[in-house]
Each structure stands twice: as structure tokens, then as C-alpha cells.
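Me: Please take a close look at one part of this model, the stretch around the end of a single helix, and then set that part against the rest of the chain.

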Amino acid sequence: MRSTAKNAGKFVSFLFCLCDGFVVHAQEHSHHRSRRFHRLPRREPPHTNLPSLQNRRPRQARLLLQPQEPQPFQKLPNFKFVKGDIASADLVNHLLITEGIDTIMHFAAQTHVDNSFGNSFEFTKNNIYGTHVLLEACKVTGQVKRFIHVSTDEVYGETDEDALVGNHEASQLLPTNPYSATKAGAEMLVMAYGRSYGLPVITTRGNNVYGPNQFPEKLIPKFILLAMRGKVLPIHGDGSNVRSYLYCEDVAEAFEVILHKGEVGHVYNIGTKKERRVNDVARDVCKLFGMDPEASIKFVENRPFNDQRYFLDDEKLKKLGWSERTTWEEGLKKTMEWYTQNPEWWGDVSGALLPHPRMLMMPGGRHFDGSDEISSAVSASDKPSQTHMVVPSARSSTSAPQKPSLKFLIYGKTGWIGGLLGKLCEKQGIAYEYGKGRLEDRASLLQDVMSVKPTHVFNSAGVTGRPNVDWCESHKAETIRANVAGTLTLADVCREHGLLMMNFATGCIFEYDEKHPEGSGVGFKEEDTPNFTGSFYSKTKAMVEELLKEFDNVCTLRVRMPISSDLNNPRNFITKISRYNKVVNIPNSMTVLDELLPISIEMAKRNLKGIWNFTNPGVVSHNEILEMYRDYINPDFKWANFTLEEQAKVIVAPRSNNEMDASKLKKEFPELLSIKESLIKYAFEPNKKT
């Protein structure tokens, strides 16, 4: 660590809060700062930990493409990339704690002013609420030594044209558009947390940033891409608006100086005295491409409110040792060269190149008004005229409507069943994505649904306890949050969006009783009322199953004592009991995942609903399984039995033992094997060693 003060020589763990397409895409000018700043950690000592949280919300672009090669910093051993949502308090708190974060650089924001006029609520959600979540996490964890909040020069509002001195850090904030208003609001929160809770905050307010990788909704990359395509350059109004532009490398260096030398509680302007009118920027781009400015520049209707000038006083930052080093001509040339060498970096961005792009909120991400009409909107052959919002024309089709292809949204990526579902989808060629949201966080679930646009949702997430259900006895609140609140929240989100939820539940909510005695062959049916309350885990599963009956979009699959062909998996029932010194010997219904998980996918295709006993027909005892294990796997294997009373002395919560009636599932899938046949075919024959 170079420099200063209390951080010098000490381990520092950074959290860079970015937005969709940070580094890879550099979508907004504030994101662009973060992309370049990520190159600076190479100067830091190798022990510096650099996790990066990318904000991911449904309004962000499916329009964007990943680069062919990972960025250099992504290969650093001390860099970790996390795609998440800064509005998710659970995720942010988790990262701060598990990664030992002590320094946050908050770049994440919606920043394009044009978009803020058409979709202002998203700016409030991201720029204000997202910042609030970060601040609250810092307050709760109490471990952050520096929180750098990246704001904008636009919070000052319009500067008088004849002003000789720019806005200084104590100038009044007078934002004039939804974007700058949300950034000013976020600043107020940052200041309040600094004063009320003593958070070590620093705020920066910067001029416009430009350079390679920037998303082309911004002025300079938009002009360059249009010039590359031989299109005219649209200018809002008369083009007399004045702006200040800083090259991204210079801005990255400014952040490094502020990080090391900035004073907690202070605001720093990052600016330049070299101003340019929009007309001049367009003419300079034309000059680089050998285009005639008179024929290549088109004046279009101005946006609702277009500040005439932003002018900053940057003397405070200069006193820390920073100065602008890249000339306008040098920076613009570098930027042009990058775009000409990477013309397809962003894929199809025609909608962003419109004179007045408007981001529309649709499931699946970011779309722009009139992207299909870009040619007519800004063609070089157009005569100067006022523009209007282009509405894509309707397209008729005589072909028969096609059935939408399957796409699954799966929750429980790190779980056993969730992982197997993903592999099955790959094998069957079914598109799928794992949910990124936490089940109890409705906003993050909505984001997943809007982004992925699934045809079905599979829920295999929940709490079973590690190493077993005894964990739930001492973690009741966490168990309720995941198994009850989370599952119900997901079911309701799916209901609102007309989606079928395949919910992996449990059959461990029953125990043998007088009507269903052990060994009788009389199993519990789907409509029977749960009678086992011995463990808190089972209580929560029975509770949520009862409540899910009120949802007509849920298919509940009661799994019991799951088994698979992977005998190395510690969650496999065969693996578990083969490692015990003693086992009870009670017949139970069980689920062979190799056979039944493909059936769950078929059930989704058939849109089956309601409750299903998701077990193989019949029962098998512990001893019968271990005998198969001995015969197929290890002929020297030995074990001993003990009674339920003896077992109770070594466990915290009683265990469920029962037989499930699988006749409903067998009727729907006649090929379903009995439990013993399925065990031999899927678990023991593939692993046979004797």
C-alpha cells in the first residue's frame, strides 16, 4: 500500500461496488471510473484482498456481451468477482463479514440522464436505496475504515455561463434532473451516516469521464460508433452546452490519491478547467474520421432540461498531489483507436445510438425505444428536422405460434439436488439459470424472474442442517426464515408472474401410527395430515406445506432419505449409514434421485401441480441397504444395530420413520421402479466392485 497515514503497511480488503458491466462493459461514466481503477491494484501488495460486487438489477442489459478474454485484473489471485445486488442487505452483510472488508469504493449507480427522464424510479431504487443498504451494512458490521462514495458534478446544478470560478465542495446542491437528484439524495445519506454513526465516509464529485470500453449511450462513444458507421452525429438543441471531460486513466489516479490521502468526512471535486461545447466534441470526432462537420452533424430536439454548463473548482484535490495528465487530443485519439479495434465489443447497440434513447423496463433486462428504426432516425441522408420518439412497427406473421422453449430458474445451486438439476438440464439441452436472490428477499427474487424470464421455477433451497437436522434445533429463526418465509415468498412471486414452482419438500413429516403401522404396507397418502413433530425441521416443512396448499401454482414433491449413484457424497443416505458404527433397522420409503429427478423435469413439462409423494414405491430397511452395500461394494463391511431408545441418546431431535404411498406417482409414471429395484439399478450396479 502506497502512502498514507493509518492504512500504510496494513492489510486492506477492498469492496468495489460496481454496476452491470463494470470492468467488462464500463457502461456508465461512473462505472467507467471503476473499470480503470481496477487496474491500479497491481500497485498494491499481494496480500491486499479485492472482492468486487457487481450490481445486477433487471433494468440492466441483456443487450451487453461479455468479452472474449478475461480482463487482466480478473486473473489476480487476490481478486474475487461477485455478481449480486447492492439492494440485498443479506448479500452485502455476508460479503463484508466473510471477506473482512475494511474499505468500500461505491461506484454502483444508474447514471445516464436521458434514461432518468423515462424511468426515474429505477434511479431512486439503485442510487438511493442501494447506497442506504451499503451504509447500513457498514454501520452494523463496524469494520469499515474508509467508505468512498462516488457522486457527480451534476448535483451542483447548472453553472452560470459567465462564472469564472467553479463550484467548490461547499457549494449548494441544486440538482435539475432525476439522475442528479438521486445522487444528491444518496450524498445526504452518506453525510448523515458519517455524522450520526461516525462512518469514515469520503464523497467525490466528478466531471464527465470518457475512454475505452464505455457503453455507447454516452456522448463520446456514441459519436465515435456513429462515425464508424457513416451516420450523422445527433446533437441535442443547438450544441452550445458546455461540458468538462476527463480521461479515465486520470480519474483512476484521482481515486487512488483520494483513497490514500483524502480526509474522512470531506468532499473532493474531480474536475478540469478545460471545457468544451458539445458542438466542439462532435467536430473533433469528425476531424478524426475525416468527415465534413457541416454534413455530418444534425441538431435534434433538446431533452426536457439540459444544463448549460457544469464547472468545478478542483483546487482541493490538486493540493493532495493530483493533476490531469492526458490532453484532450491524446485521450480522444486513444478512445477512437480502441473502438475501431473493437467494433463489436458491445454487440447490437443500435437502440443506444438513437438521439433520444429511452430505456424500457421489460422482463429480461434493458431495451431501447425504436432500436429497429435507427437507420431512419439518424441516417446520414436525412434532412435536418426535429426528431420524435420512434415506435417500432408491429410485425405480422402468418406462421403458427411456436411453443416457447423451456427455461428453468433453479434455486439451491450449492445444494445437492440443485446441483444435480443443473447437470440434468445440461444433459437434456434445457436452458437454465441459478437464482441469485435469497428466498426471503422478495426484491431479489423479482429481479431474478425479470432477468431470466423462466418458464418454470425449481426450488431446492432451504435449511436441512449441517451435518444433520439437529442443527435446526438451535437455529430456529434461521430455519423459519429459509423453510417457511423464503419458500412462501418465492411461491407468491411465481404466482404473480404465472409461473409453476416445482418445490422439493420432504416426507419426513409423518411417522408410523396405528393407521399406518410399520410393515403393514399401508403408506401415508398425499391428502393425509402430517403427524410427526419430533424435529423442528419437520415442523417447519409441515407448516409451509399446509400454507402452500393455498397456491395453485405449486407442485410439492415430498422427498425422503435421498439416494444417488454418487457414493462419495456425504448427503447420500447410503454413504451416511455406511459410515456409522451403529444404525437402527427400520423400513422406510426413500427417493432414488437418479431415477426421480428426471421425472421432476417431466412433471414440470406436464405442468403437474399439487402434492406428490416423491419416493420409489415400497420400503427398504437400513440393514437391507447395508447388505446390498456389502454384496456390491465391500464384502468385508460389517455393522451393528441399536434400538430407537439407544439412538435417542446420541441425537438431539427424533427422526421420522414412515412409508409413503407412491401410487399416485406410479400411476402418472408406470415405468417407476420399486425402491429395491431402483437401488440396484442406479446405486449399486454402477458402483459394483465385488
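Reply: Just after helix α20, Asn 607 takes a positive phi of about 55°, a value that belongs to a predicted model. The helix that comes before this residue, α20, covers residues 593–605. With 13 residues, α20 reaches 18 Å from its first C-alpha to its last, which is close to the 18 Å expected at 1.5 Å a residue. The buried residues of α20 are Leu 593, Glu 595, Leu 596, Leu 597, Ile 599, Ser 600, Ile 601, Met 603 and Ala 604, a list that includes the glutamate Glu 595 and the serine Ser 600.

Positive phi values are also found elsewhere in the chain, in loops. Lys 453, a residue other than glycine, has a phi near 55°, and its place is in the loop between α15 (442–452) and β17 (456–459). Because its relative accessibility is 47%, Lys 453 counts as partly exposed, the cut-off for exposed being over 50%. Met 561, likewise a residue other than glycine, has a positive phi near 40° and lies in the loop between β19 (554–559) and α19 (573–578). Met 561 has a relative accessible area of 14% and is therefore buried, since buried means under 20%.

A further part of the picture is a pair of packed helices. Helix α3 (residues 89–98) and helix α5 (residues 120–141) pack at an angle of about 45°, and their axes lie 9 Å apart. That angle makes α3 oblique to α5, and α3 passes α5 in a right-handed crossing. On the α3 side, the residues that meet α5 are Ala 89, Val 92, Asn 93, Leu 96 and Ile 97, while α5 contributes Val 133, Leu 134, Ala 137, Cys 138, Val 140 and Thr 141. The residues of this contact divide into nine nonpolar, two polar and no charged.

As for the setting of these parts, the protein chain has 24 helices and 22 strands, and buried residues make up 58% of its 690 residues. Among contacts between residues at least 6 apart in sequence, 82% join residues at least 24 apart.

Technical notes:
Residues numbered from 1 in each chain as written. Predicted model: local features only at pLDDT ≥ 70, side-chain atom pairs only at ≥ 80, totals over all residues. Heavy atoms only, no water. Axes fitted to C-alpha atoms, helices over the stretch in contact; angles between N-to-C directions. Helix = DSSP H or I, 4+ residues; strand = E, 2+ residues; numbered from the N terminus. Parallel < 35°, antiparallel > 145°, perpendicular 65-115°, else oblique. Left-handed = near helix turned anticlockwise from the far one by under 90°. Contact = heavy atoms within 4.5 Å. Nonpolar A, V, L, I, M, F, W, Y, C, P; charged D, E, K, R; others polar. Expected span 1.5 Å × (residues − 1). Buried < 20%, exposed > 50% of the residue type's maximum accessible area, 1.4 Å probe, protein only.
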